[in-house]
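The exercises below are to be worked through with the sequence and the three-dimensional structure in view. Each task is followed by a solution in steps.

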Amino acid sequence: MGRDTVRRNNVTVTGNPEGRTVVLAHGFGCDQNMWRLTVPALSDDYRVVLFDYVGSGRSDASAFSEQRYASLDGYAQDVVDVCEALDLTDAVFVGHSVSAMTGVLAAARVPERIGALVMIGPSPRYIDDEGYRGGFSAADIDELLDSLESNYLGWSAVMAPVIMGNPERPELGDELKNSFCATDPEMARVFARTTFLSDSRDDLKTVSVPTLVLECTEDVIAPREVGAFVHRSIPGSTLVTLEAAGHCPHLSAPEATNAALRTFLAGLR
């Protein structure tokens, strides 16, 4: 199982073999390459694990199952499988975007393997609800998913720069667009529905490990009200607002992101 998982999820292990393990998990439409500016900041002191969810990057696409990945539980199981394949204990799980909630689910399943969480741009629910602002109406999400399913490449070209922000640096939006476009449209459709229709608010109550919530001053996908909600829902969590715009600060503001990450890691026991 372990060797199969390593191959299936294109697992990469780098950094200091004697250091605490940090697992970096990418978001929708991305892959482990999105962490290339983070890895050098961690490699001297930490053992770094990267992987691709099935259906993303260089994972084994033949392992994809719509039934499994139609809920966040399927992606959380990928995380659990990777942790078990490498026999990790007390690892720090760093999840970007939807992976923040995937990490919450995985930590609840295998608490001995995940000892801390870092959530970058998390959102437990994207759709507004009574007393809760997720940033989108139900009609907004329906329109987004309809557009994605009818013309995925066109959707990617329009949405990637919006998600990335930083219009004065178009190369960032282009990179995200290219990452989206490299994803199989059918698998992307499943992942998008799973992501944008999920409601994991109650799962936040299960978190009992040290947690860092990283948000940006401007983020169209996860507005600051969401960061505040996540912070309130996880007792003892730390909320850091980066002086950065967009939904991918590990690419658009790597120095600030890495500094916040290293400060949190250094404070862990």
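**Exercise 1. Helix 8 and its surroundings**

Most of helix 8 is covered, with 9 of its 12 residues buried. The model used throughout these exercises is a predicted one.

*Task.* Determine which residues of helix 8 are buried, what covers them, and how the span of helix 8 compares with the expected one.

*Solution.*

Step 1. Apply the cut-off for a buried residue, a relative accessible area under 20%. In helix 8 the buried residues are Met187, Ala188, Arg189, Val190, Phe191, Ala192, Thr194, Thr195 and Phe196.

Step 2. Look for the elements that cover these residues. Among them are helix 3 (72-85), helix 4 (98-109), helix 5 (138-150) and helix 6.

Step 3. Check the span. At 1.5 Å a residue, the 12 residues of helix 8 should span 16 Å, and the C-alpha atoms at its two ends are indeed 16 Å apart, so the two values agree.

**Exercise 2. Enclosed cavities**

*Task.* State how many cavities of 30 Å³ or more the structure contains, and describe the lining of the largest cavity and of the second largest cavity.

*Solution.*

Step 1. Begin with the search itself. Rolling a probe the size of a water molecule over the atoms shows where empty space is left. Over the whole structure, 2 cavities of 30 Å³ or more are found.

Step 2. Take the largest cavity, whose volume is about 130 Å³. Its lining consists of 15 residues, and those nearest its centre are Phe28, Ser97, Ile163, Phe180 and His247.

Step 3. Assign the lining of the largest cavity to elements and classes. At least two residues come from each of helix 6 (152-164), helix 7 (170-181) and helix 8 (185-196). The lining has 10 nonpolar residues, 5 polar and no charged ones.

Step 4. Turn to the second largest cavity, with a volume of about 50 Å³. Phe28, Gly29, Val54, Gly55, Ser56, Phe64, Tyr75, Thr183, Met187, Ala188 and Phe191 line this cavity. Helix 8 is the element that gives the most to this lining, namely 3 residues. By class, 7 of the lining residues are nonpolar, 4 are polar and none is charged.

**Exercise 3. Cysteines**

*Task.* Establish how many disulfides the structure holds, and explain why Cys216 is not bonded to Cys248.

*Solution.*

Step 1. Count the disulfides: there are 0. Cys181 is accordingly in no disulfide, and the nearest cysteine sulfur, that of Cys30, lies 12 Å away. Cys181 is partly exposed, at a relative accessible area of 32%.

Step 2. Consider Cys216. A disulfide requires two cysteine sulfur atoms within 2.5 Å. The closest cysteine sulfur to that of Cys216 belongs to Cys248 and is 8.6 Å away, which is too far for a bond. Cys216 is buried, with a relative accessible area of 3%.

**Exercise 4. Two buried residues and their contacts**

*Task.* For Leu242 and Thr102, find the element that holds each residue and the residues each one touches beyond its neighbours in sequence.

*Solution.*

Step 1. Locate Leu242 in strand 7 (residues 238-245). Leu242 is buried, its relative accessible area being 4%.

Step 2. List its contacts, setting aside neighbours within four places in sequence: Leu214, Glu215, Cys216, Thr217, Pro249, Ala256, Thr257 and Ala260. One of these, Glu215, is 27 residues from Leu242 along the chain, yet their C-alpha atoms are separated by 6.1 Å.

Step 3. Locate Thr102 in helix 4. Thr102 is buried, with a relative accessible area of 1%.

Step 4. List the contacts of Thr102, not counting residues up to four places away in sequence: Tyr53, Leu72, Tyr75, Ala76 and Val79. For Thr102 and Thr21, 81 residues apart along the chain, the C-alpha separation is 18 Å.

**Exercise 5. Positive phi values**

*Task.* Asp90 and Ser97 are residues other than glycine with a positive phi. Where does each lie, and is each buried or partly exposed?

*Solution.*

Step 1. For Asp90, phi is near 55°. Asp90 belongs to the loop between helix 3 and strand 4 (91-96), and it is partly exposed, with a relative accessible area of 36%.

Step 2. For Ser97, phi is near 60°. Ser97 lies in the loop between strand 4 and helix 4, and it is buried, at a relative accessible area of 8%.

Step 3. Connect Ser97 with Exercise 2: Ser97 is among the residues nearest the centre of the largest cavity.

Definitions and conventions:
Residues numbered from 1 in each chain as written. Predicted model: local features only at pLDDT ≥ 70, side-chain atom pairs only at ≥ 80, totals over all residues. Heavy atoms only, no water. 1 Å grid on protein atoms, 1.4 Å probe; cavity = no way out; pocket = protein on both sides within 12 Å on 5 of 7 lines; lining within 4 Å. Points joined across faces, edges and corners; volume = space filled by probe spheres on them. Helix = DSSP H or I, 4+ residues; strand = E, 2+ residues; numbered from the N terminus. Nonpolar A, V, L, I, M, F, W, Y, C, P; charged D, E, K, R; others polar. Buried < 20%, exposed > 50% of the residue type's maximum accessible area, 1.4 Å probe, protein only. Contact = heavy atoms within 4.5 Å. Expected span 1.5 Å × (residues − 1).
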